[in-house]
Amino acid sequence: MELRQHIYETLSTLIDTNDRLLVIHSSLFHLRFPIDGLKGSFLDALRLLLRDGKTLALATFTWDFCGRKRYHFHDSISETGQLGGWFLELEGVRRTPHPIYSFAVAGALAEELIACKNSTTFGEDSVFAFFERQNARVIMLGCGWDSCTQYHKYEEEVLVPYRLFKDFIGEADYGDGYHNVTARMFVRDLAINPLNDFSPIADEMSRNGSIKSTSLGRGSVQTALCSDVARAARYLLKQDPFVLLHEPEKIRLAVRNKNIGKRPLKMALIGATNLELLKTAVQQCAAMFAPDRLIEVYAPPFGQQYNELFAGSSELKAFNADFTFFVDRLEDILCIDTLNDRSQNDNEEELFDRFTDALKLYASTCGGHIYVNSFINSQPLVLGISDATVSDGVRKRVLYFNEQLEVVVSNTNNVSLFDLNQAALLFRTGPTFDERLWRLGKFPFSQSFSEYLIRRYCGIMLSHLGKTVRVIVVDLDNTLWGGVLGEDGFEGIKIGGDYPGNAFKAFQRTLKGLSGRGIALAICSKNEEKSALEVINSHPEMVLREEDFAASRINWNLKSQNIQEIADELNIGLDNILFVDDNPAEREQMRLQLPRVKTFDFPEDPAFYSSALLSAPELECSVITVEDKKRAAAYQAKREIDGQRRAFDRIEDFYASLDSRVHLFSLDKGNIDRAVQLISKTNQFNATTKRYTRQDLDTMKSGGDWVIVIGTEDKFSALENIGVIILRWNAPAPRKVLIDSFLLSCRVLGRGIEVAVLSWARRTARELGMDQIIGRIIPTEKNGPVRSIYSNNGFVEETTGGDWFYDVRKVTPEIPDWIQIIEHFDKCMSKRACEPVDEPVSEIRSEGIQGPESDIAEEKSDILAQSTQDESVSDISSKLDGLIRKFLHLAPDFALAEAGLGLTPGWDSMRQLELLLSIESAFDITFRSQEMEKTTTYKDLRKLMDVKFTAQNARSVR
């Protein structure tokens with residue numbers, strides 16, 4: 001057989017008929033073919049694949065550009081194998097426009113590959129994202145899976161802490177002459193020198209049967225679909241962001257050492273009982289929902305919370321938590337074992353007052369956010385149903401103390417109530433209380449409820465950090481109504497009436513409620529638009545109507561394309577969108593194509609749609625402002641304004657037509673919540689993205705800074721606070737004013753408001769005797785729209801540090817005549833502004849940090865990742881051994897035979913219970929309290945596991 005035919009047929013055995021795009025990485029050396037005729041044979045084989053309708057993309061990477069050498073689309077030689085260079089010689093083959101990571105491409109999809117913008121090398125508009133959206137087949141021709149560049153996309157996606165963004169700048173010619181270009185790439189942080197080891201991804205794909213393989217020459221060819229590569233990479237990186245490294249522990253430590261001195265996100269848990277399960281759950285949950293933040297957790301030692309709360313100085317107060325959660329149950333506060341216990345003395349009020357006094361004292365010294373759990377009863381009642389009729393029954397005691405707690409919280413600054421009863425109602429996984437854990441270790445909640453509770457706490461943190469959902473994009477068929485409109489027709493779909501129609505109507509009510517609190521709704525559905533809108537607007541049982549949706553895409557396009565368009569239309573980031581669709585295939589496709597979009601996993605039963613959605617941490621809401629309630633109307637107004645804009649030739653005439661008024665308010669109690677919300681959540685038009693707390697803003701205002709809340713109204717929209725500008729007078733030097741922060745809601749961009757506010761700030765600086773006003777830009781991944789605000793308005797960048805300068809003595813800026821500025825404060829409200837001081841004012845800085853999650857979370861995630869549902873007895877030994885070694889950090893050669901509680905380093909009483917709970921979860925079994933108490937050695941565990949699985953197998957036989 002001719003070599004070209006042999007190559008073609010070998011590759012064809014690994015390719016499915018529906019594969020449209022083949023991405024080929026090659027190392028011909030390892031195939032060891034004779035050199036004579038090799039080039040022609042391989043090119044002929046590639047021609048045959050093109051004839052079959054395949055699009056080919058062969059790696060032609062070049063790294064010379066990183067060393068400041070010019071890049072040329074034709075002359076720059078591929079440094080990743082000879083085959084890509086040969087392929088470029090064929091007629092019709094083109095090279096994608098990237099000076100480092102280019103591909104030689106040909107076929108039906110070549111034009112789309114050429115058109116990829118590559119804003120970042122591995123980002124959402126890169127060729128690597130396109131490969132995933134097309135579910136390309138990745139072919140490793142003579143080389144191993146360690147050469148698969150696709151992996152870097154997923155490292156960038158989760159922002160692994162050992163890489164950072166770097167701009168490579170130089171000259172490149174893509175076919176139209178040399179131009180200055182910038183390649184932004186997520187590269188290894190050479191300060192800590194991480195070395196990749198991608199073998200875990202290949203191992204994971206092999207376990208899942210995703211890899212096809214055959215021999216060719218003296219080497220091999222292996223293939224896998226891009227979706228399988230993505231699934232394995234995301235799964236592994238979710239468990240541990242350091243998993244793709246040689247010496248991961250060394251790099252983990254290096255990252256932490258590098259971050260020393262920067263303030264991480266701090267969370268304190270305060271309670272009288274054993275909080276270790278909650279602490280463990282914090283790290284695991286935070287790593288899932290806030291992987292870009294280093295989380296520190298502190299809890300006072302067992303039984304020492306009051307000592308730390310009442311002490312003038314303590315570890316808790318020195319910890320300076322950003323978020324504090326008081327987790328005591330009522331029985332913990334009253335020092336009783338169960339609420340069924342009748343107090344034999346009259347000190348319940350005294351004990352409760354001790355708790356609330358400690359809470360108030362802590363709140364007076366803590367600058368972070370404080371939450372305290374309300375009270376519930378989680379145990380059976382001794383008096384049964386008659387408890388409700390007894391004056392001192394459990395029900396009335398819980399109600400009474402909840403009322404007292406609400407009074408304290410409402411009168412204490414910076415403290416909010418966490419509704420534990422609501423959390424317990426939404427929790428459906430199991431009991432909230434585990435008698436075994438209480439008797440054995442004084443744990444206040446069951447393990448599963450502890451994890452659920454922490455997810456809700458993390459939702460609160462996400463809300464304060466501005467990372468929660470702003471838009472819910474919903475499907476229609478079997479999501480807003482039962483049935484498929486195209487098949488069942490108007491009369492056949494199910495809304496209202498009996499089940500399941502009543503479940504879908506209830507879900508619509510839930511969405512309507514979420515819209516009312518400020519989360520916009522949008523539609524993304526594969527349907528005929530006319531028929532779908534007829535149902536939405538005229539079906540008598542519909543709760544949601546067309547006007548309830550800020551945007552809609554009802555067509556037959558890819559849903560990922562539709563959601564990208566919705567994000568662009570509403571001017572929001574993909575990571576602020578929640579996608580709700582009953583179809584698992586659509587959800588999986590969304591995860592693959594737009595991984596930044598939050599994809600909601602529906603329960604199968606529509607009766608649980610509402611409770612499941614309301615339990616999502618991404619929807620948590622720490623505070624609701626007046627502006628939140630107006631958001632749906634604001635999006636409607638934006639749609640009208642955008643529509644009218646097209647009718648004007650001159651942008652100034654369009655601005656004037658809006659009759660815009662900008663209101664400037666000094667920070668006060670009425671707008672501080674909105675100011676903090678804007679500072680926390682605004683990313684795109686935010687010059688510095690400094691995240692200030694309420695206490696920070698109060699401190700700045702008290703110190704003489706102007707914290708101005710910006711409100712707007714026009715002929716389409718009522719007055720709404722949409723921005724903040726912070727002016728620091730005589731900073732960084734006398735007679736200078738620094739614009740510390742300047743941010744606006746993305747919904748009002750394009751109306752000239754930013755220009756008007758900046759003109760007002762410059763004119764005010766001149767009126768108050770300043771010489772210079774300084775604007776500051778701190779670039780981030782998302783704030784591209786704000787970076788030119790100062791350069792476009794006459795400021796000069798005198799240094800490269802991100803500061804822009806404007807001499808207000810030379811030019812008096814005029815406020816555009818198409819906007820009216822209305823000041824609601826006295827310009828001499830700040831002595832610092834009106835009477836310049838001799839010394840510069842020090843700068844307040846607010847900084848965050850990216851970092852890894854805790855070791856405990858990693859080991860637990862890894863252990864759970866090993867679990868399966870159908871273990872045989874013969875598998876128990878090796879799996880149990882691996883779990884114990886992993887959990888206790890034991891060396892592979894450590895002899896387990898004599899291991900046990902108190903006998904093995906790290907195997908103490910606390911780890912004993914955590915180990916047993918992990919074994920329960922990993923093997924899907926349950927231990928009785930007596931078994932947990934008596935099982936203290938490795939040998940005990942082996943015997944117990946044999947008993948458990950023997951009994952389990954016997955039940956399955958029956």
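A disulfide is taken here as a pair of cysteine sulfur atoms within 2.5 Å. By this rule, the predicted model contains zero disulfides. The cysteines sit in varied surroundings: Cys66 is partly exposed, with a relative accessible area of 28%, whereas Cys524 is buried, at 0% relative accessibility.

Turning to the chain as a whole, the protein has 958 residues, of which 56% count as buried. Its secondary structure comprises 36 helices and 27 strands. Among contacts with a separation of 6 or more, 71% join residues 24 or more positions apart. The exposed area of the protein chain is about 41,000 Å², and carbon and sulfur atoms supply 49% of it.

In soluble globular proteins, nonpolar side chains tend to be buried together. The largest nonpolar core in this model has 59 residues, and Leu21, Phe103, Phe131, Trp145 and Met205 have the most contacts inside it. Helix α8 (residues 226–239) gives this core its largest share, seven residues. A second core, of 42 residues, lies apart from the largest one and includes Ile708, Ile725, Tyr806 and Val808. Back in the largest core, Trp145 offers a handy place to look at the packing. Leaving aside residues up to four places away in sequence, Trp145 touches Val138, Met140, Tyr151, Ala202, Met205, Ile211, Gln222, Thr223, Ala224 and Val229.

Two helices deserve a closer look. Helix α15 (residues 394–410) has 17 residues, which should span 24 Å at 1.5 Å a residue; its end C-alpha atoms are indeed 24 Å apart. Buried in α15 are Val394, Arg397, Val398, Phe401, Asn402, Leu405, Val408 and Val409. These residues lie on the same side of α15 because they cover an arc of only 130° around the axis. An α-helix has 3.6 residues a turn, so residues three or four places apart point the same way. The cover over the buried residues of α15 includes α13 (330–333), α14 (348–365), β14 (369–373) and β15 (415–418). On the face turned away from the buried side of α15 are the exposed residues Arg395 and Ser410.

Helix α22 (residues 559–570) can be read in a similar way. Its 12 residues reach 16 Å from the first C-alpha to the last, close to the 16 Å expected at 1.5 Å a residue. The buried residues of α22 are Lys559, Ser560, Asn562, Ile563, Ile566, Ala567 and Leu570. They cover an arc of only 160° around the axis, so they fall on the same side of α22. After α22 comes Asn571, with a positive phi near 60°.

Notes
Residues numbered from 1 in each chain as written. Predicted model: local features only at pLDDT ≥ 70, side-chain atom pairs only at ≥ 80, totals over all residues. Heavy atoms only, no water. Buried < 20%, exposed > 50% of the residue type's maximum accessible area, 1.4 Å probe, protein only. Helix = DSSP H or I, 4+ residues; strand = E, 2+ residues; numbered from the N terminus. Expected span 1.5 Å × (residues − 1). Arc of directions from axis to C-beta. Core = buried A, V, L, I, M, F, W, Y, C linked by side-chain atoms within 4.5 Å. Contact = heavy atoms within 4.5 Å. Areas by Shrake-Rupley, 256 points an atom, 1.4 Å probe, with all protein chains shown as cover.
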